[in-house]
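Biologist: Could you walk me through this one, and tell me how each label is earned?

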Amino acid sequence: MTSPPVQAPHGTTPPPPPPRRGRAAVVVAVVVAVTVPVLIALVGAVALWWTGRTDTVGAVDFDRPLRVPTLAPATVEDGTRVFDLTMQTGRTDLTGRGEVETWGVDGAHLAPTLRVQRGERVRVDVRNDLPETSTLHWHGLHVPAASDGGPHRLIGPGRSWSPSWLVDQPAASGWYHPHAHGSTADHVRRGVYGMFLVDDPASAPPGLPDDYGVDDVPVMVQDVTLAGDGSIERGSGFLDVTGPLGDQLLVNGTVGPFLDVTTEAVRLRLLNASAARVYDFVLDDGRPMDLVATDGGLLPAPVRTGSVMLSPGERAEVVVRVEEGERVVLRSRPPDLGVAGIMVRMSGAGDRFDVLELRAADRLEPRPRTPTALAREPDVDLEDATVTRTFDLADGNQINGARMDMSRVDEVAETGTTEEWVVRNQDGMPHNFHLHGTSFVVAELAGSPPPPHLAGWKDTVLLPPGAAARLGVRHDAQPDPDAPFLYHCHLLAHHDQGMMGQLVVVEPGGEPGDVHDASHEAGATGTAGSSEADEAASLFPGATSHPDH
Ligand code: C2O
Ligand code: CU
Ligand code: CU
């Protein structure tokens, strides 16, 4: 109901202030003089921010050789390949403006590439010399849950952790990074990440470049914000609802990198190691690339494509052919994230970057054409699915209406089964979806059969607003009722906010155990519940680490 307008009777209007109030007028004038410009500046800043695009195309000097992470040395103990890694702080000159603090593994910044072969046993002895508790998670590796390095496998400062497993998965480009609850974005930003490559010599297609650092090169792309002294800032993230977006790329930690190419074809193993940014990689002259692998391994056949879109955590291997003496630039064009309005700005969908310059030598070593058959088609058939699970991503950082609780088991699956997972983005912003410990196939995306570039094994899939994916998930993990695998959005801000759930893989008919307790006792030596680990856990409550001797 509207009430009748109240009219002020004539004569009741207060008289104008007497001229004596000159002081008040001055105060008002001063307040106006101060606030109006501030307001104008604020509105201007918001408008600038809104319309602003990050665009480095043509503005990158390409004056630093691309750093290529070293291959981590390994020893062989009783048939087990053993890596010895130390997470550490250090100082790095990223920009030429002087050294700044960075974090890394076995070095001041970033981590060496681990390379293993299918069929061998692997152990990684990890020591944490960082000032903070952390973990190392093997993203894309098929490992037992207790060796997975999620937030239940904390390694306190000065502590160590020794996961081990039998490598049994197709050749793939995985990676590794910290995964402690709430600090993943921070530790990755500082530089703790590297590639983890699996080779499968028995089914390697002949003719694919595989000479590491020569014609087979990791390209880890991370956007950062650099402070005046060249240090990596936390990034404001103020209005970046998908997480902080940087305006500077580090490619294998290199600002403005070029790669000297000495072969007619070069295989780039692209990794999106960014917190929130999605890239749509192209070559500047529009030439096609051969997409040969995605997250979990080689595609059945190469896909000739002009662009490769990667969301945080995703990988793709492309073969690029070059001609003698030429220069070609790997670029990221504005990714189509299915967003409009201010969300374009907030998700970086309007941004573009020059990423890496390929400098072909005047004489190139010949390389054969990309083989036409690469790998067996993933053998997952949704007809075999015994269970359908639905995961709704909504409210910025929730899955099925909840945030992660480390002591809650959200899903229980039986090993040896195939399941249908329906993941729906019901949010107004992009998310992606990553599952630990196994690979899946994308059976359907946004209502259509998967495009050819999604025909292989995946572990992370991008979901624009409103999109849904139907995934075929095969649970092959060794059952462990006490150690959960995770599934989550890999946008690291969402990840840290707990947009994550826990999956326990049990034997047929099995029951989940107590996952919270498991964080105190399992996995420290890769053998869940070993007495050495139990002892260590009691020395460092809340961690699964053991003291170094
Ligand atoms: Cu890159 Cu939970 O993972
Ligand atoms: Cu992972
Ligand atoms: Cu998300």
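**Copper sites and a buried leucine**

Modeller: Let's start with H434, which counts as buried at 0% relative accessibility.

Biologist: Why is H434 called buried?

Modeller: Buried means under 20% relative accessible area, with exposed over 50% and partly exposed in between (1.4 Å probe, protein chains only). H434 has 0%, so buried is the word. One caution: this is a predicted model, where local features need pLDDT of at least 70, side-chain atom pairs count only at pLDDT 80 or more, and totals for chains, interfaces and linings use all residues. Residues are numbered from 1 along each chain as its sequence is written, chains are lettered from A and ligands numbered from 1 in the order in which they are written, and side-chain values use heavy atoms, leaving out hydrogens and water.

Biologist: What makes H137 and H434 donors of the copper ion (ligand 2)?

Modeller: Donors are N, O and S atoms within 2.8 Å of the metal (3.2 Å for Na, K and Ca); water is not among the atoms, so sites may look incomplete. The NE2 atoms of H137 and H434 lie 1.9 Å from the ion, so they qualify. The pair links distant parts of the chain, 297 residues apart.

Biologist: Which residues coordinate the copper ion (ligand 3)?

Modeller: H431 (ND1), C489 (SG) and H494 (ND1) do, at 1.9 to 2.1 Å. Along the chain, their spacing is H-x57-C-x4-H.

Biologist: How do you know whether L364 is buried or exposed?

Modeller: The relative accessible area of L364 is 9%, so L364 falls under the 20% limit and is buried.

Conventions:
Helix = DSSP H or I, 4+ residues; strand = E, 2+ residues; numbered from the N terminus.
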